[in-house]
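Some labels given to residues rest on a number and a cut-off. The questions below ask how such labels are reached.

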Amino acid sequence: MLLNLLSNGFDKWALIELLLCLPIILFSLSLHETAHGFIAYKLGDPTARNLGRLTLNPFKHLDPIGALCMLIFGFGWAKPVPINTRYFKNPRRGMALTGIAGPISNLLLAIVCYILSIITFDSGLVSGLIVSAEGGLYLANNASWIVYVIYLFFTVATNLNVALAIFNLIPVPPFDGSRFMYMLLPQKWYFKVMKYEQYTGLVVFAIIFILSRVGIYPVSIVSNWVLRGFDFLFATPIDLLFGIS
């Protein structure tokens, strides 16, 4: 992200990665919010559709601060899709399903991008990839450079979408994970938690910021676990498909 570019200097690949992040962030955040609105619509709430929010047009969903945080820190948010729980037969269940839809959409997109990154690497990059004895990366021809940029695009998209999903699954208001948590809470606790919803998000941000100052990145740690799971589930079968061991 932007922090890597500033800390490592204006390295060519860091700059390319930053430029690739922009369309990925816009699409990923748009998909996330559209998923919320789509599930709400399927459960009977037409609010998002009536406001034109069932679209992948990023300008309908863009929150400048959230997009900037995604660019700098690797996690962020978009402008929330309005949901009217009065349309739901079971409001708490409806909120849980609409809330979880956003992170699930990003995880599914991450899986697709991960598989495409492995296929891109195995099918078009290996033949033009040269690794020096010192571990440096060299590409033999112009075609390999193009393929590598495509591979990098899918890799960045995978990492960003996993981080976005993990961040939004935090089971604390106002994050999406809290909507699922609400469904599990007893009625008496539900209203108590809702009462302080506007403050808990600020507390979580403060905790994440403080931990990052001492070199602990909770979202990155969990994201790495998820990516290892992707490796286990998808990388080896795809490598075998292309005859790479």
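What follows is a set of questions and answers on this predicted model.

Q: What makes up the chain, in helices and strands?
A: The chain has 10 helices and 2 strands. From the N terminus on, the order of the elements is α-α-α-α-α-β-β-α-α-α-α-α.

Q: How much of the chain is buried?
A: Of the 245 residues in the chain, 41% are buried. The label applies to residues under 20% relative accessible area. The chain exposes about 13,700 Å², and carbon and sulfur atoms supply 70% of that area.

Q: Why is Leu 241 called exposed?
A: Leu 241 has a relative accessibility of 70%. The cut-off for exposed is over 50%, so Leu 241 counts as exposed. Leu 241 lies in helix α10, which covers residues 218–241.

Q: What makes Leu 241 eligible for a nonpolar surface patch, and which residues form that patch?
A: A patch takes residues with over 30% relative accessible area, and nonpolar side chains are joined within 5 Å. At 70%, Leu 241 passes the area cut-off. The patch is made by Val 112, Leu 116, Ile 119, Leu 241 and Phe 242, and its area is about 430 Å². Helix α5 (residues 91–125) gives the most to the patch, with 3 residues.

Q: Why is Val 149 called partly exposed?
A: Val 149 has a relative accessible area of 28%. Buried means under 20% and exposed means over 50%. The value of 28% falls in between, so Val 149 is partly exposed. Val 149 lies in helix α6, residues 142–168. The C-alpha atom of Val 149 is 8.7 Å from that of Glu 17, although 132 residues separate the two along the chain.

Q: How do you know that Asn 161 is buried, and what does its side chain contact?
A: The relative accessible area of Asn 161 is 0%. That is under the 20% cut-off, so Asn 161 is buried. This residue is found in helix α6. The side chain of Asn 161 lies 2.8 Å from the side chain of Asn 106, in a polar contact. The limit for a polar contact is 3.5 Å, so the distance of 2.8 Å fits. Beyond its neighbours within four places in sequence, Asn 161 is in contact with residues including Ile 24, Ser 28 and Leu 109.

Q: Why is Leu 164 called buried?
A: Leu 164, in helix α6, has a relative accessible area of 0%. Because buried means under 20%, the label applies to Leu 164. Outside its neighbours within four places in sequence, Leu 164 is in contact with Ser 28, Leu 29, His 32, Met 70, Gly 76 and Asn 106.

Q: What is the place of Asp 45, and how do you know that Asp 45 has no salt bridge?
A: Asp 45 is in the loop between α2 (12–42) and α3 (47–50). The nearest side chain of opposite charge is Arg 86, 8.6 Å away. A salt bridge needs a distance within 4 Å, so Asp 45 has none. Asp 45 is nevertheless buried.

Q: What does the side chain of Asp 45 reach?
A: The side chains of Asp 45 and Thr 47 are joined by a polar contact of 2.5 Å. The side chain of Asp 45 also reaches the backbone nitrogen of Asn 84 at 2.8 Å.

Q: What caps the N-terminal end of α4, and which residues of that helix are buried?
A: Asp 63 caps that end of α4, with a side-chain oxygen 3.0 Å from the backbone nitrogen of Ile 65. In helix α4 (residues 64–73), the buried residues are Gly 66, Ala 67, Cys 69, Met 70, Leu 71 and Ile 72.

Definitions and conventions
Residues numbered from 1 in each chain as written. Predicted model: local features only at pLDDT ≥ 70, side-chain atom pairs only at ≥ 80, totals over all residues. Heavy atoms only, no water. Patch = residues over 30% accessible without salt bridge, like charges linked within 9 Å, V, L, I, M, F, W, Y side chains within 5 Å. Areas by Shrake-Rupley, 256 points an atom, 1.4 Å probe, with all protein chains shown as cover. Helix = DSSP H or I, 4+ residues; strand = E, 2+ residues; numbered from the N terminus. Buried < 20%, exposed > 50% of the residue type's maximum accessible area, 1.4 Å probe, protein only. Polar contact = N/O pair within 3.5 Å; in protein donor to acceptor, adjacent residues only side chain to side chain. Lys, Arg positive; Asp, Glu negative; His and termini not counted. Contact = heavy atoms within 4.5 Å.
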